[in-house]
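Please find below a colleague's note on the model under review. The points are numbered for ease of reply.

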Amino acid sequence: MKSLLPINNFYKKILHIALPAIAGLSTQMIVSLVDTAMVGRLTEATYALAAMGIGVLATWALISFFSSLATGTHVIVARRFGQKDFIECGNTLNNSLLISLSIGIIVAAIGAFFAKPISDLFASDDQVAYYASEYIFYRFLGIPFFLISVSYRGFYFGISKTKIFMISGIVTNLLNIVFNYIFIFGNFGMPRMGLAGAGLGSTLASSFDFFFYTAIMLLPSYRRKFQNFKRIKIDWEIIKAIWKISIPVSLQNVFILIGFLIFVAITGIIGTQEQAATQATISTLFISFLPCFGFGIAVQTLVGNNLGAKKFNLAKIYGIETAKVATIYTLVLGMFFIFLPQYVLLIITNDNSIIETAKPVLRIAGFAQIFYAIGVVLANALQAAGKMLFVMKAEVITNLFILVPLSYLFGVVLGYGLKGAWFAMPIYIIIYSAIILYKYLSKDWFEKIPLKNQ
C-alpha cells in the first residue's frame, strides 16, 4: 500500500492541473463540433464543410506561429514559479503581452489580406474556395485579442491556475455558439452569412478572453504577488528567451498544419465528397486531441516546476505518469471510433452520404489516435525540458515526409481512394510517438533554458 501512495499523489497533481485544462479545451471542442454541425446542416453543406476544413486549417497555420508564445511564456513562468521567484513570473507576463500586442495587428492584417489566395491554393473547387476565403477573412479580425489571451494563458498555466482558463473557456465558447447561431443562419434580424458567420461569431467571442484575463490580474492577490503592473519594463533577456523557446514550436505548428492542409487538399483531388468526409472526421477527432493537449498543459507545468526546483527525477516521472493517464483516455475513446463510427459522425452531420464515406476513415483514425497521447504528452514534457528543437524536427519530418507522401501514394497514385490516403495516418503517428518516447527515456532529455540562474 505504501508503494502505491506516491503514484496516487502523482495522479492527483496531474488531474488537478489537467482536468480544468481539459474542461476549458473541451469547450473549444464543443464549439468546433457545434460549428461543424451548424454548417453541416446548411443547404450547401458539402461545399461548406469542405471549405471549413480548409478555412480552419489555414487560419491555424498562420496564427499558430505566434500562438506558441503561450509555450514560451508557460515554460519560463513554470520554472520561475518552481523557484518561487514570483516577481520574474510577472515580468515574464509583461514582456509576453508586449510581444503579443506588437504582432497581433500585423498578423490580423496579413491573414485578412491573403484570405483569397490561401483559399485558391488549397481548394480544387471555386465554390469551396469562395466560402473558405470568407471564413478566413472574418476569423482573422480577432487575432489581436486572441494573441494577448495566449500570453495570459501561458502565465496562468505556468502557475497551475488552469481553472481560470476553464472558466474563461466556458463563457467565451458559449458566446461563440450564440454568435454563430445568429450569424450562420441569420437569426434575430441579422443577415444569413453561412460559413462566414462562423468566422465572425468566433471573432466576436474571442475578445472576452482578453477582458476576463486582465480582470483577474487586477485582483489584489495577483497584483501583490506578481507585481506585474507595478514593475512594467522591457526586459530583452526575457523577450529573447520567450522567442528562443517559442520559435521552434511556432515552426513546428506551421509546418504541421501546412502538412495537414496538403493532406486535406489530397483528399480534395480524390473528390469533393471525400474532402467533406475528411473534415467531418478531423472535427470528430477533436474529441480526442484537445483533452490530450490538456494533459500536455499539465505535464509542461509539472515538469517545468520541478526542473525549476531542481527535482530532476521527479520531473521525469511526471512525464511518464501523465502519458499513461492520457493513453487510457485515448484507448477508451478509440474503441467508440472503431466500433460505432456512424453514431459518432451523427454529431457532425446528418448527411448520410458524408457519414457513409467517413465511416471507414474514422475507424482508421480511431486506431491511430490511441498512440497519439504518448507523442503529445511527452513532446510537451520535452518542450518544458528545453528540447523544443528536437520535438520540432521529429514532428515536421514525420508529417511532411511520411504522412503527406504516403497519403498521396496510397490515395491517388495507387488508387486506393480516401481509405488509402487515411491509412498513412497511423503510420505517421506511431513513428512520431516512438521517436518522442525514445528521446524522453534517454539520459539527455532536458537542458537549461536561456535565462540567468538556470
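**Notes on the model**

1. Leu 437 counts as partly exposed, because its relative accessibility is 31%, a value between the cut-offs of 20% for buried and 50% for exposed. The residue belongs to helix α18, which runs over residues 417-440. Apart from neighbours within four places in sequence, Leu 437 is in contact with Ile 374 and Leu 378. Phe 65, by contrast, is 372 residues away along the chain, and its C-alpha atom is separated from that of Leu 437 by 25 Å.

2. The coordinates are those of a predicted model, and confidence should be considered before any local reading. The mean pLDDT of the protein is 88, with 96% of the residues at 70 or more. Residues 1-5 have pLDDT under 50 throughout, and the model shows zero contacts for them beyond four places in sequence. Where pLDDT is low, predicted coordinates should not be read in detail.

3. On the overall fold, the secondary structure consists of 18 helices and zero strands. The C-alpha trace spans about 55 × 50 × 35 Å along its principal axes. The radius of gyration is 21 Å; a compact globule of 454 residues would have a value near 22 Å, so the two agree.

4. The interior and the contact pattern may be taken together. Buried residues account for 61% of the 454 residues. Among contacts with a separation of 6 or more, 83% join residues 24 or more positions apart.

5. As to the surface, the accessible area of the protein is about 18,200 Å², and carbon and sulfur atoms supply 70% of that area. The protein carries 34 positive and 18 negative charges, and the mean positions of these two sets lie 17 Å apart.

6. A second residue of helix α18 deserves attention, namely Ser 433. Is Ser 433 buried or exposed? With a relative accessible area of 5%, Ser 433 falls under the 20% cut-off and is therefore buried. Not counting residues up to four places away in sequence, Ser 433 touches Phe 371, Tyr 372, Ile 374 and Gly 375. For Tyr 372, 61 residues away in sequence, the C-alpha to C-alpha distance to Ser 433 is 6.8 Å. Ile 374 is thus listed among the contacts of Ser 433 and also among those of Leu 437.

7. Helix α15 comprises residues 352-369 and includes Phe 367. This residue counts as partly exposed because its relative accessibility is 39%. Which residues does Phe 367 contact, leaving aside its neighbours within four places in sequence? They are Ile 338, Pro 426 and Ile 430. The C-alpha atoms of Phe 367 and Leu 340 are 13 Å apart, with their positions 27 residues apart in sequence.

8. Thr 162 lies in helix α8, which covers residues 162-185. Its relative accessibility is 1%, and Thr 162 therefore counts as buried. Beyond four places in sequence, the contacts of Thr 162 are His 16, Ile 17, Pro 20, Ala 21, Tyr 156, Phe 157 and Ile 297.

9. Two residues should be checked for backbone geometry. Ser 160, in the loop between α7 (143-158) and α8, has phi near 70°, a positive value in a residue other than glycine. Phe 188, likewise not a glycine, has a positive phi of about 55° and is placed in the loop between α8 and α9 (195-217). Phe 188 counts as exposed, because its relative accessibility is 68%.

10. Finally, Ile 103 is located in helix α4, residues 86-113. At 14% relative accessibility, Ile 103 is under the 20% cut-off and so counts as buried. Setting aside residues up to four places away in sequence, Ile 103 touches Phe 66, Leu 69, Leu 147 and Trp 243. Ile 436 is 333 residues from Ile 103 in sequence, and their C-alpha atoms are 32 Å apart in space.

Terms used
Residues are numbered from 1 along each chain as its sequence is written. This is a predicted model: local features need pLDDT of at least 70, side-chain atom pairs count only at pLDDT 80 or more; totals for chains, interfaces and linings use all residues. Side-chain values use heavy atoms; hydrogens and water are left out. Helices (H or I, at least four residues) and strands (E, at least two) are DSSP runs, numbered from the N terminus. Buried means under 20% relative accessible area, exposed over 50%, partly exposed in between (1.4 Å probe, protein chains only). Contact means heavy atoms within 4.5 Å. pLDDT is the predictor's confidence in each residue, from 0 to 100. The radius of gyration is taken over C-alpha atoms; the globule rule is 2.2 Å times the number of residues to the power 0.38. Accessible areas come from the Shrake-Rupley method with a 1.4 Å probe; for residues, only the protein chains shown count as cover. Lys and Arg count as positive and Asp and Glu as negative; His and the chain ends are not counted. The place of a charge is taken as NZ of Lys, CZ of Arg, CG of Asp or CD of Glu.
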